[in-house]
Structures are given as C-alpha cells and as structure tokens.
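Trainee: Please give me a close look at one part of this protein. I'd like the backbone and the surroundings explained together.

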Amino acid sequence: MVSTRSKKYDYAKLSNATSGSDDENTDLNTSPVRASSQSGTPSKSKTRKNKRVDVKAAAPPAPRATAATDDDDTSDDNAQTRPTHFTRKASSVAATATGGGDGSGPSVVDRDRHDIFNVVALLPLVFLTLANYDWTVVWASANPEAAWTDQYFWEYWVATMIYFFVDTVWVWKVPTCVKSPGVIIKHHIVALLYLVAPVLFPEFRWAMGACLSVEINTWFLIMRRVVYLRRERVPSAVVEFMNAAFYSSWIAIRCVLFPLIMAIYLRKCVEALEETGTLMHWPIIFVPVHGIFCALNLKWSYDLFTPLIVGWFKSDGSKAAQKVGDGL
C-alpha cells in the first residue's frame, strides 16, 4: 500500500497539472487527502473518490459568455482567448469594413468605389436632362411637358440604358457597395422597363426627362457622402453646400415633381376616357410603374426625415442630422 506522504505528493502534482495556478495549490493544507492521513490510512476507493472531487473543484471555472463589443471585435490579443464565435464575428466585421465579407451592411471601401463611379457616370445624365428642356418655359410655366425640346433624346436614352445596366451588374456582383442591394436591383430593373415607354410612345418622352431629373438629387446624395468621408480635407463650406443641395433637390424632385407627374398621368387618363370612352390604352400600363417610384420616394423620404424630426422634438437635431449624414 502506498504511503500517505506519497499520495499527498501525487495529488500535489495532479493539482498543479489541472489548475495551473499557485493560489489554487494553497488549498492542499485542507484537502481531504491530508485529513484522511491524520485519522488513519484511507482505502483506495475513498482516496480515488476524494481525488475526483478535488480535481473537479480545482478546475478553473468556465468563462462566462459576454456580449462582444466593437473593441473586442477589432482586438487581436482578445481574439486569441475569446471563444470561436467571437473570433468569427471579428473576422466578419473586419472583412466588411475593408471590402467583401459576410457581414451585414455596406463595405466602406466597396461603397466608396461605387460612389466614385456614380459621381462620374451620372454627370452625362444630369447634363442631358438639363439640355433637353427649355428652361425659360420651365421657369415660366412649371410644365415639364411643354418645356421638353427632344433635341438630344437618343443620346439621352442610350446613355441612360448603359448606366442602369452597368450599375445593376455592379450592385449584383458587389452587393456590399450599397446599403440595400435587393431594393436597388429591383429599382433598376423597373427603371429599365420604364425606359421602353418613351421609345414606344414618343408623346411621353417629356416624362423620361422629368423622371430622370431625380438623378440630379442622386448625384448630390452620392457627392455628399463622398465629401463627408473626406470631410477632414474638404472645406466646411463645401460640406454645407452639398447638404443643402441634397435636401432641397430631394424635396423639389422626389416630394413635389414625382407626384406632379402622377397627377399629369391621371389627367391624361381622364382625357382619354372622355375622348374614347375607354381606359384601355397602352400608355396606361406605365401609370402603376410610376406609382411604384412614388411609393419608393415616400418610403425613402420617411426614412430620411424621421430621424431629423424626432431629433428636433428631442432638442437634439444636430445629432439626428449627423446620423442621417452617416447613414445615407
């Protein structure tokens, strides 16, 4: 039979191997093995039982799961000791921030590249939109149908088709370049179908120019984001101008002009009904298409202005405006 001292020595080695801490080994003075040696030689089964109990007690407690923070997600030191799911989350966040990855939300790098493309690619569309209207008539009557000149229609149409096709493929291939890739792709597909109308019905070509004037606002939206990302190197006056141009063009085009176009469509439907006695005319199929764009503008306007309005009521308008500036 093994002596009591030998058993105590074996248990000390076992405790050192399991706990890895000098503080844990100080409990050997009150261990069941020592207590048994003082009262007599214990049996083998009792000694083994005590060993199992002490080994379990000496084992370090399991780490408690805590919510990962932004600091945890970007710390390489913490990633070495964190559970596997935290490490995966950190990898996902890092991949999303630098381009690609399976994290939710747009990538800063991918979005900035896409924004630069749009800033350049939208300029011909903005120029041709303005060039196809007689602006003296626009200011005098605010009637887009009467002000349409149709001077550069085919250049306008081809450039627009190319832009929407290329941008659709871009968003499809690199979905992290935008906040809502599914919505953007559906929007572009509907827009491509909508562009068939001015070819089939030349009397509605003015509507193409009126609807595509929204790209003026889109250009300011994207340019504002590009400027905001580089705000440390851009004069504050430029940042403020882009903000003002973005909000004013949003209200004028998306909240005023698009409902006005719908009103003109409906008026033409009534006129056609009075002249022919039927509403079954091919151009009427584009009324619900335009209604989809009006509904999207309503949703996006709600998403844009709700944080501002809530912030104003909470006397925190500047913070709400900053949040909108970051998110759009």
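Mentor: Start with Ala142, which is exposed, at 54% relative accessible area (over 50% is exposed, under 20% buried, in between partly exposed; 1.4 Å probe, protein chains only). This is a predicted model, where local features need pLDDT of at least 70 and side-chain atom pairs 80 or more, while totals for chains, interfaces and linings use all residues. Numbering runs from 1 along each chain as its sequence is written, and side-chain values use heavy atoms, leaving out hydrogens and water.

Ala142 sits in the loop linking α9 (135-141) to α10 (144-147) (helices are DSSP runs of H or I, at least four residues, and strands E runs of at least two, numbered from the N terminus). What catches the eye is the phi of Ala142, near 55° and so positive, in a residue that isn't glycine. Most residues other than glycine have a negative phi.

Follow the chain through α10 and you reach Asp150, in the loop before α11 (153-173). Asp150 also has a positive phi, near 65°, but Asp150 is partly exposed, at 29% relative accessible area.

Now go back to α9. Along with α8 (108-131), α14 (205-212) and α16 (236-276), α9 gives two or more residues to the lining of the second largest pocket. That lining has 19 residues, and Trp135, Val138, Ser213, Ile253 and Leu257 lie nearest the pocket's centre. A pocket is an open set of points on a 1 Å grid over the protein atoms alone, where a 1.4 Å probe fits, with protein on both sides within 12 Å along at least five of seven lines; lining residues have an atom within 4 Å of a point. The top contributor is α16, with 6 residues.
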